[in-house]
Amino acid sequence: MTTAVDILVVGAGTTGLTLALQAHDHGARIRVAERRPEPFRPSRALILHPRTLEVLRPLGVTDALLELADTAPTVGLRLGSRIVETRLADLALPDTAFPHLSLLRQMDVERVLTQALADRGVTVERGIELITARDDGHNARAVLRSRHGIEEIRCPFVVGCDGPASTVRTCAGIGWHGRPYAAEVVLADLDLGGISSSSGAQVFAGRQGLLFLFPLGEQATWRLLATRASADDAEQNFGQPGSAVPRAELQRLLNDAGLHARIERLAWSARVPLQCSLARPFRRGRLFLAGDAAHNYSPATGQGMNAGIQDAVNLGWKIGFAAGRSREESADALGADVLLDSYDRERRPAAHRRLILTHTAFWAEASTGRIPSWLRAVAAPRAAPAIPALLDRRRLVAEAIRLISQLRVNYRRSPLSVEGTPRLRGAPRPGDRLPDATVSVGGPPERLHQLLARPGVHLLLQRDADPPPDAVPGPRVTVLRLTNSPGRGLVAVRPDGHVGFRCGTADPAGLTGWLSLIGAAPSPSIRP
């Protein structure tokens, strides 16, 4: 029986790979098991949001992702006979280093994350299927099957990043509340005659739904994504590519959208049945759920991959700290219950709000009911002349992107969000995302998020603040003094970029208590 790991991560999609990286960089020993024998699969997600790039930055992968991404995408929105062009770059988002949407294939994201794990000595083990997992009260036990036979593993935690049909969720006995959609998505990689890939992404609105064309096909020039009513015999493997779609049906979708283009080559196609579902809860004992195993959405607003990565970053540092504390103290890992329970208390409400957002957007995007069909086919073309004026209102567009990309998510009600004494005025509240800003730490101005682009907890001292007690900072705690910020206060920033603790003047007991709560061990790395 294997015992040399702290966390078994089941699933090597973007969620599982990110969680493995985050937990590893915060002290955990990781094993990643993936049922698929080969890494390639057609990408279902094609967009990275600003907040997702922010949370990935401390893991050292953002630059590699941006090299592969289109960070200034142009989109042609076709409403009847009208075409509205827009560019999703240089948005009015001064508090992030990534004021844009990024077009990037899911497979490219997985490739970058897999390489980052390999650089850390962690190999994704493919062709290994989880048969069962359980919490025995002292450890998690999992049975794995591969071509080499059956293996039983014992470790403190198992995290299910294994999609909508999660084996971990089933083994944990966690309910899955939701319902299927009456609409499905059609995906295809194809070469088209009559349209140039230099025209950028294209969106076509019609009575039957939306049709998207992205110049990001993996086996051909274009990736087609269209919504349509589900067939009566639709497969029930929700969220996963299913049976192929005949070429004639794809051509009909293009024709119905008003696109004068012909399919010259069809490389691949699939229908994808959809559901909106939410697990309750995201944790049971030593078994956890993240990404599509915990929540499943429609593709509207591009939440799936982004939400899973943000889940993984939230859980990864917590489970890493909990595993490290368990080893060092020879204590039961469940002694970190407050820390580990905070994952469900923080991420499930955020997932529920996303469910409402995506459900509403998908109704407008894909429903064939009278009202949404009229909105797409009649109202939208009539309103098209006003759309450029609306898009020129950069703050309005920026607020929409903030909502979609979860830049406004906060954890103010989390047990990890602690207000010290006295309260620090004028700073982000405990639980809020820490915005980016220009700061000074004794030299030329620098961007705050760049200074924090490393794993661990960060203590931000105002200019005149007392230094923390020698016993407070540990090997995963960095102290920065912001010399351009007058005052005597302190802000403690969690590894996922949210404020965890703040106080107006030195509060050693409060700070020590908070660091103990999150499992950050007591030798500071101080940058003057």
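**Exercise 1. Determine which residues beyond four places in sequence are in contact with Glu 34, and place Glu 34 in the fold.**

Leaving aside neighbours within four places in sequence, Glu 34 is in contact with Gly 11, Ala 12, Gly 13, Val 124, Glu 125, Arg 126, Gly 127 and Ile 128; contact means heavy atoms within 4.5 Å. The model is predicted: local features need pLDDT of at least 70, side-chain atom pairs count only at pLDDT 80 or more, and totals for chains, interfaces and linings use all residues. Residues are numbered from 1 along each chain as its sequence is written, and side-chain values use heavy atoms, with hydrogens and water left out.

Step 1. Glu 34 lies in strand S2 (residues 30-34). Helices (H or I, at least four residues) and strands (E, at least two) are DSSP runs, numbered from the N terminus.

Step 2. Glu 34 has a relative accessible area of 7% and is therefore buried. Buried means under 20% relative accessible area, exposed over 50%, and partly exposed in between (1.4 Å probe, protein chains only).

Step 3. The side chain of Glu 34 reaches the backbone nitrogen of Arg 36 at 2.8 Å. A polar contact is a pair of N or O atoms within 3.5 Å; within protein, one must be able to donate a hydrogen and the other to accept it, and residues adjacent in sequence count only if both atoms are side-chain atoms.

**Exercise 2. Give the strand order of the open sheet that contains S2, and state which strands stand at its edges.**

Step 1. The open sheet has six strands in the order S7-S2-S1-S11-S18-S17, with mixed pairing. Two strands pair if DSSP finds at least two bridges between them.

Step 2. Strand S7 (124-126) and strand S17 (283-284) are at the edges; each has a single partner strand, so one side of each is left without a neighbour in the sheet.

Step 3. Inside the order, strand S1 (residues 7-10) and strand S11 (residues 157-160) run parallel and are joined by four bridges. The bridge partner of Leu 8 in S11 is Val 158.

**Exercise 3. Describe how strands S4 and S5 are joined.**

Step 1. Strand S4 (residues 74-79) and strand S5 (residues 82-87) run antiparallel, with six bridges between them. Leu 77 has Val 84 in S5 as its bridge partner.

Step 2. S4 and S5 form a hairpin with two residues between them, and Gly 80 in the turn has a positive phi of about 65°.

Step 3. In the loop between S5 and strand S6 (102-103) is Asp 90. Its phi is near 55°, a positive value in a residue other than glycine. Asp 90 counts as exposed, at 55% relative accessibility.

**Exercise 4. Sort residues of helix H6 into buried and exposed, and find what the buried ones pack against.**

Step 1. In H6 (residues 247-256), the buried residues are Leu 250, Gln 251, Leu 253 and Leu 254. They cover an arc of only 155° around the axis, which puts them on the same side of H6; the arc is that of the directions from the helix axis to the C-beta atoms.

Step 2. Ala 248 and Asp 256, on the other side of H6, are exposed.

Step 3. The packing partners of the buried residues are strand S12 (175-193), strand S14 (209-214), strand S15 (222-229) and strand S16 (262-280).

Step 4. Just after H6, Gly 258 takes a positive phi of about 85°.

**Exercise 5. Count the aromatic pairs and classify the pair of Tyr 181 and Phe 362.**

Step 1. Rings of Phe, Tyr and Trp (its six-membered ring) pair if their centres lie within 6.5 Å; planes under 30 degrees apart count as stacked, over 60 as edge-to-face and the rest as tilted. By this rule there are six aromatic pairs.

Step 2. The ring centres of Tyr 181 and Phe 362 are 4.8 Å apart and the planes stand at 65°, so the pair is edge-to-face.

Step 3. Tyr 181 lies in strand S12 and Phe 362 in helix H8 (residues 337-366), so the pair ties together parts that are 181 residues apart in sequence. Both Tyr 181 and Phe 362 are buried.

Step 4. One aromatic cluster is formed by Phe 157, Phe 282, Phe 288 and Tyr 343.

**Exercise 6. Locate the cis peptide bonds from Arg 280 to Pro 281 and from Thr 421 to Pro 422.**

Step 1. The Arg 280 to Pro 281 bond is cis, with omega near 0°; Pro 281 is in the loop between S16 and S17.

Step 2. The bond joining Thr 421 and Pro 422 is cis, with omega about -5°. Pro 422 lies in the loop between S20 and S21.
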